[in-house]
Amino acid sequence: MADELTFGIATAADEDRICELNYRTFVDEIPQHRPNSSRRLVDRFHSENTYLVARSGDRLVGMVAVRDQRPFSLDEKLPELDRYLPPHQRLCEVRLLSVAEDSRRGPVFAGLMDQILRLGRERGYDLAVVSGTTRQRRLYEHMGFVAFGPKVGAPDARYQPMYLTMSSFVQRSAAAFERRKRVSDTCSRVEPCSFLPGPVCVAPEIRAAMSELASSHRSDAFLHQMHRVREELCALTHAADAAVFLGSGTLANDVVGAQIACQRTPGAIVVDGEFGRRLADHAKRWSIDFELFERPWGSPWSIHELERFLVERPQLRWVWVTLCETSTGVLRDMDGLRGVATALGVELYLDAISAIGAVPVDLRSVRLATAVSGKALGSYAGLAIVLGDRPFSERTDSSVPRYLDPALYAKAQGVAFTQSSNLLGALDTALSLHRSGGRTAHVADLAGLLRRRLRAHGIRTLIPDRSASPAVTTILLEGGGAAQFVGEWLRQRGFLVGFESEYLRARDWIQVCLMGAVTRDSVERLVPRVRQALDAFRDRTTGDPTGASSAGEA
């Protein structure tokens with residue numbers, strides 16, 4: 001069935017299936033290699049190949065290999081290969097393209113092409129070469145491949161050398177995507193359930209605000225709306241002032257980094273996850289003098305440990321920490337952080353990007369904190385927010401880049417440079433929904449439900465309930481590429497969870513985030529699907545694949 005189809009990069013658990021599929025394709029169907037008793041064919045470049053695969057349930061119904069190390073197999077068949085090729089910067093070879101016979105009229109081939117396109121963009125390939133079976137030459141040409149040179153291979157296994165420029169591939173893929181989208185839109189209007197930290201599901205009212213006709217950021221109406229948004233942000237967080245920038249959370253943290261750099265005093269940065277590590281990188285780029293308070297990922301630490309660290313280093317005059325470490329799901333003790341900072345006379349700076357909107361946040365006595373329009377505020381990404389415990393107009397430093405100076409924004413009624421009325425209108429609407437009350441209690445209620453259901457299905461989480469953010473739940477998987485498999489499996493069934501970030505893939509974690517317009521019903525439906533995905537992954541590592549395919553060269 002179509003809804004059982006998943007695509008992704010092969011994992012170690014796929015190795016046997018790949019070798020068996022390789023045999024069925026390039027021994028049984030295309031007689032390119034001699035039979036053997038094991039009925040497995042290990043490609044000679046196996047260790048250098050990146051395999052992209054298509055799965056239908058437990059079956060491997062398609063695969064393709066990508067390799068960028070010369071010499072290619074085509075170099076051996078066609079001397080002076082480069083003289084046939086157009087100018088390029090980075091070249092790869094696509095091989096072992098196979099689609100099961102019973103899946104050749106479905107979306108498997110197009111899905112594998114999409115995977116090649118994604119991988120090509122990530123690695124910077126701008127040209128691909130392939131030895132396409134002559135049986136499928138028209139299919140290759142339809143996708144934009146250009147034939148060159150003489151045919152190669154044995155008489156009963158002939159191949160046509162072809163190349164494909166990435167620009168041509170993008171154009172053909174975009175056109176094909178639009179055709180598939182039109183067909184899909186006529187069949188179904190059902191949207192996936194997003195449990196991502198961003199983009200989040202947005203409420204209908206916010207969508208409507210986003211679609212309003214754009215207006216000038218210099219108009220009186222825009223200035224009034226900006227004033228209202230800043231007041232709402234301060235009321236929500238008990239901050240004294242707020243500045244709204246056109247940009248991401250990274251920009252917001254750079255604004256804070258610039259202000260810390262102006263002090264020219266040493267401080268401490270807490271690093272126990274990816275976003276603490278990024279704060280340290282901000283500080284390095286601003287040439288800030290700092291020491292690391294470093295702890296293992298996912299291991300909640302006591303506020304007393306930080307206090308001892310600062311007491312032993314009286315020269316440190318500030319501390320910068322993520323209130324919610326999104327990469328693990330740890331939520332800090334806000335009152336404890338404020339108490340330590342106040343008692344020791346150090347300034348407290350917070351990355352509160354994944355906290356504001358998800359949990360009650362009181363920024364009194366917090367020098368600067370960051371937020372964004374997306375994530376738990378529930379709007380669209382695109383606005384960076386900096387909040388402070390005193391008016392921004394009180395202090396400016398000409399050494400700070402203009403775009404990053406909140407004092408300029410304060411002196412210009414919050415609009416120092418070009419802004420988007422659509423993004424501001426959407427954020428204004430999102431804040432009005434928060435003002436109506438109950439948002440953080442709703443997130444806490446959903447988090448309790450989610451964790452209870454996960455435990456009932458025998459699914460392990462990284463962070464204990466007492467230290468976990470209600471908005472971010474990190475799930476521990478079984479290793480061997482389980483995160484990639486489970487994430488893709490769920491996506492094909494309409495559930496979007498976090499798994500594609502490098503720090504998640506490296507640890508085989510997935511994340512369920514409750515930052516947008518998530519409902520109890522969607523949480524109830526998600527958890528059994530996670531259990532099914534885990535069972536499917538376990539079965540896939542021990543089961544016996546069936547079905548063979550063909551469409552490319554070995």
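This is a short talk on the overall form, surface and cysteines of one chain.

A word on the source: the model is predicted, local features need pLDDT of at least 70, side-chain atom pairs count only at pLDDT 80 or more, and totals for chains, interfaces and linings use all residues. Residues are numbered from 1 along each chain as its sequence is written, and side-chain values use heavy atoms, leaving out hydrogens and water.

Overall form, then. The chain has 17 helices and 20 strands, taken as DSSP runs, H or I of at least four residues for helices and E of at least two for strands. Along the principal axes, the C-alpha atoms fill a box of roughly 80 × 50 × 50 Å. The radius of gyration is 27 Å, which agrees with the value near 24 Å for a compact globule of 554 residues; this is computed over C-alpha atoms, and the globule rule is 2.2 Å times the number of residues to the power 0.38.

Contacts next, meaning heavy atoms within 4.5 Å. Among those with a separation of 6 or more, 72% join residues 24 or more positions apart.

On burial, 54% of the 554 residues count as buried, that is, under 20% relative accessible area with a 1.4 Å probe, protein chains only.

Finally, the cysteines. How many disulfides does a search of the whole structure find? Zero, with a disulfide defined as a pair of cysteine sulfur atoms within 2.5 Å. For Cys 513, the closest cysteine sulfur is in Cys 324, 8.3 Å away and so too far for a bond. Cys 513 is buried at 1% relative accessibility, and Cys 262 is also buried, at 11%.

Conventions. Buried means under 20% relative accessible area, exposed over 50%, partly exposed in between (1.4 Å probe, protein chains only).
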